[in-house]
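Here are a few exercises to work through with the model open beside you. Try each task on your own before you read its solution.

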Amino acid sequence: MSAEDEDTAGTFIELTEQGLGKTPAADLWRHLMAVDLSFFQSETAQRLRAEGRDEGRVQGRVEDILRLLDGRGIEMSAEERERIAGCRDLDTLDVWFTRAITATSAAEVFESGEAG
């Protein structure tokens, strides 16, 4: 089975299992789907999957920082928001997130000694 993304593959897996019902083939299907087949993927496919996960973590951390600062009532300029939103380095974002917990201004999030 080939699919463009994991969500599509998951949908096909679920529909196939439902269609098999309570037949012996359904038990075989569940067993097959429980097996880790990632070793059949090309290095490129594995790299792209890892990059997608990394990008998801970066985007999540960006959203966390912005939500935290907004929730704490810390005002940010458009440039400061863009700096956070445009950062792709997870280590830098982690430093900024930690600072955002106690910062009294957006400038404190970016203080000297920052990673990146």
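**Exercise 1. Salt bridges and what they join**

Task: Find how many salt bridges the structure holds, then place the pair Arg 30 and Asp 27 in its element.

Solution. Step one is the count: this predicted model holds seven salt bridges. Step two is the pair itself: the side chains of Arg 30 and Asp 27 meet at 2.6 Å, N to O. Step three is the location. Both residues belong to helix 2, three residues apart, which is about one turn of the helix. Step four is the exposure. Arg 30 has a relative accessible area of 35% and is therefore partly exposed. Asp 27, at 47%, also falls in the partly exposed class, which runs from 20% to 50%.

**Exercise 2. Bridges between elements**

Task: For the salt bridges Arg 88–Glu 55 and Asp 70–Arg 81, work out which parts of the chain each one ties together.

Solution. Begin with Arg 88 and Glu 55, whose side chains meet at 2.6 Å, N to O. Arg 88 sits in the loop between helix 4 (78–86) and helix 5, while Glu 55 sits in helix 3, so this bridge ties together parts that are 33 residues apart in sequence. Both partners are partly exposed: Arg 88 has a relative accessible area of 39%, and Glu 55 has 36%.

Now take Asp 70 and Arg 81, which meet at 2.5 Å, N to O. Asp 70 is in helix 3 and Arg 81 in helix 4, so the parts tied together are eleven residues apart in sequence. Asp 70 is partly exposed at 39% relative accessibility, and Arg 81 is partly exposed at 32%.

To finish, look for a network: salt bridges link Arg 61, Asp 64, Arg 67 and Asp 94.

**Exercise 3. The nonpolar core**

Task: Name the residues with the most contacts inside the largest nonpolar core, and say which helix gives the most to this core.

Solution. The core has 16 residues, and those with the most contacts inside it are Ile 65, Leu 69, Ile 84, Leu 93, Trp 96 and Val 109. Next, sort by element: helix 3 (43–71), helix 5 and helix 6 (106–109) each supply at least two residues of this core. Helix 3 gives the most, with five residues.

For a closer look, pick Leu 93. Setting aside neighbours within four places in sequence, Leu 93 is in contact with Val 58, Arg 61, Val 62, Ile 65, Ile 84 and Cys 87. Among these, Ile 65 and Ile 84 are also listed with the most contacts inside the core.

**Exercise 4. Two exposed residues**

Task: Decide whether Leu 28 and Thr 102 are buried or exposed, and describe the surroundings of each.

Solution. Start with Leu 28, found in helix 2 (residues 24–34). Its relative accessibility is 52%, and exposed means over 50%, so Leu 28 counts as exposed. On the surface, Leu 28 joins Leu 32 and Met 33 in a nonpolar patch, with about 260 Å² of accessible area together.

Thr 102 has its place in helix 5 (residues 90–102). At 58% relative accessibility, Thr 102 counts as exposed too. Beyond its neighbours within four places in sequence, Thr 102 is in contact with Arg 72 and Glu 108. Its C-alpha atom is separated by 9.5 Å from that of Leu 69, a residue 33 positions away along the chain.

**Exercise 5. The whole chain, and how far to trust it**

Task: Describe the chain as a whole, then find which element has the lowest mean pLDDT and which the highest.

Solution. First, the elements: the chain has six helices and zero strands. Second, burial and surface. Buried residues make up 17% of the 116 residues. The accessible surface comes to about 8,200 Å², with 54% of it belonging to carbon and sulfur atoms. Third, the contacts: of those with a separation of 6 or more, 49% are between residues 24 or more positions apart.

Last comes confidence. The average pLDDT of the chain is 83, and 84% of the residues score at least 70. Among the elements, helix 1 (residues 6–20) has the lowest mean pLDDT, 79, and helix 4 the highest, 96. Where pLDDT is low, the predicted coordinates should not be read in detail.

Technical notes:
Residues are numbered from 1 along each chain as its sequence is written. This is a predicted model: local features need pLDDT of at least 70, side-chain atom pairs count only at pLDDT 80 or more; totals for chains, interfaces and linings use all residues. Side-chain values use heavy atoms; hydrogens and water are left out. Patches are made of residues with over 30% relative accessible area and no salt bridge: like charges are joined within 9 Å, nonpolar side chains (Val, Leu, Ile, Met, Phe, Trp, Tyr) within 5 Å. Accessible areas come from the Shrake-Rupley method with a 1.4 Å probe; for residues, only the protein chains shown count as cover. A salt bridge is a side-chain nitrogen of Lys or Arg within 4 Å of a carboxyl oxygen of Asp or Glu. Helices (H or I, at least four residues) and strands (E, at least two) are DSSP runs, numbered from the N terminus. Buried means under 20% relative accessible area, exposed over 50%, partly exposed in between (1.4 Å probe, protein chains only). Contact means heavy atoms within 4.5 Å. A nonpolar core is a set of buried Ala, Val, Leu, Ile, Met, Phe, Trp, Tyr and Cys residues joined through side-chain atoms within 4.5 Å. pLDDT is the predictor's confidence in each residue, from 0 to 100.
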